[in-house]
Amino acid sequence: MKTGFFTLGESDRPALVQHLLRLNPQDRRLRFFHAADDAQIERFVATVRIDRLTGFFLHGRLVGSAMLMPDEPRTVEFAVTVDEELRGNGIASHLLSAGIDRVGEEEAERLVIHHLVENSAMAAVHRKYPSQRHLECGEVDVVIDLKALRDEQRQAIGWLCGAEG
């Protein structure tokens, strides 16, 4: 039984369906911006580019997933879900961090997160990154400047390497 973070593949579609179906109505609204019913979730999973998702498995059960979808040139959109009973354990933060690393490899310059204003969990996940936030009609658009983030990381590494020498 696998445990850990993995890029999802075709064989993981049923696990993704089950993970998303476990979301309660409020969580479905926060993730999909409407109260997605079971059939809509099944259609979503059937058509999503599964290779753009990373999942967290615990004893063979998919309990967290993150989607990184190309949005505009050099821009990737991020969305995440974590089973309710496992929230607050850093899974979403780790999925975002892994997503930032992955899109860095693809030379993306921006990572975009759209969420409803009441989604405080998502706000907590992205708050630690350099970003611009725009609020309109109850929705928050967050743009993480990946170039600025990479520059900050390079400077920190340079400082650490210089401090050791």
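**Exposed loops, an open sheet and its helices**

C137 is exposed in this predicted model, with a relative accessible area of 76%, a value that lies above the cut-off of 50% used for exposed residues. The place of C137 is the loop that connects β6 and β7 (139–145), and the residue has a positive phi of about 50° although it is not a glycine. As a general matter, most residues other than glycine have a negative phi. A second residue of this kind is R74, whose phi is near 60°, again a positive value in a residue other than glycine. R74 is found in the loop between β3 and β4, and, at 43% relative accessibility, this residue counts as partly exposed, because that class lies between the limits of 20% and 50%.

The strands that flank these loops belong to an open sheet of seven strands, which has mixed pairing and the order β1-β2-β3-β4-β5-β7-β6. Strands β1 and β6 (131–136) stand at the edges of the sheet, each with a single partner strand, so that one side of each is left without a neighbour in the sheet. From one strand to the next, the twist averages 25°.

Within this order, strand β1 (residues 4–7) is paired with β2 in the antiparallel sense over four bridges, and F6 stands opposite G55 of β2. Strand β2 (residues 53–58) is mostly covered, five of its six residues being buried. On to strand β3 (residues 61–72), β2 is joined by six bridges, and the two strands run antiparallel; here the bridge partner of G55 is S65 in β3. G55 thus has a bridge partner in β3 and also stands opposite F6. The two strands β2 and β3 form a hairpin with two residues between them, and H59, which lies in the turn, has a positive phi of about 50°. Strand β3 is in turn joined to β4 by eight bridges, with the two strands running antiparallel, and L68 is found opposite F78 in β4.

Helices α1 and α2 both lie against this sheet. Helix α1 lies across β2, β3 and β4, running at about 100° to β3, whereas α2 packs on the sheet by touching β3, β4 and β5, with a direction that makes about 175° with that of β4. In helix α2 (residues 25–32), the buried residues are D27, R28, L30, R31 and F32, and what covers them includes helices α1 and α3 together with strands β3, β4 (75–82) and β5 (110–116). At the start of α2, a side-chain oxygen of N24 reaches to within 3.0 Å of the backbone nitrogen of Q26, while just after the helix F33 takes a positive phi of about 70°.

Helix α1 (residues 13–21) also packs with helix α3 (residues 38–47), at an angle of about 145° and with the axes 10 Å apart, and α1 passes α3 in a right-handed crossing. From α1, the contact is made by R13, L16, V17, L20 and L21, and from α3 by D38, I41, E42, F44, V45, A46 and T47. By class, the contact of the two helices has eight nonpolar residues, one polar residue and three charged residues.

Methods:
Residues are numbered from 1 along each chain as its sequence is written. This is a predicted model: local features need pLDDT of at least 70, side-chain atom pairs count only at pLDDT 80 or more; totals for chains, interfaces and linings use all residues. Side-chain values use heavy atoms; hydrogens and water are left out. Buried means under 20% relative accessible area, exposed over 50%, partly exposed in between (1.4 Å probe, protein chains only). Two strands pair if DSSP finds at least two bridges between them. Axes are lines fitted to C-alpha atoms, for helices over the stretch in contact, and angles run from 0 to 180 degrees between N-to-C directions. A crossing is left-handed if the near helix is turned anticlockwise from the far one by less than a right angle, and right-handed if clockwise. Contact means heavy atoms within 4.5 Å. Ala, Val, Leu, Ile, Met, Phe, Trp, Tyr, Cys and Pro count as nonpolar, Asp, Glu, Lys and Arg as charged, and the others, Gly among them, as polar. A polar contact is a pair of N or O atoms within 3.5 Å; within protein, one must be able to donate a hydrogen and the other to accept it, and residues adjacent in sequence count only if both atoms are side-chain atoms.
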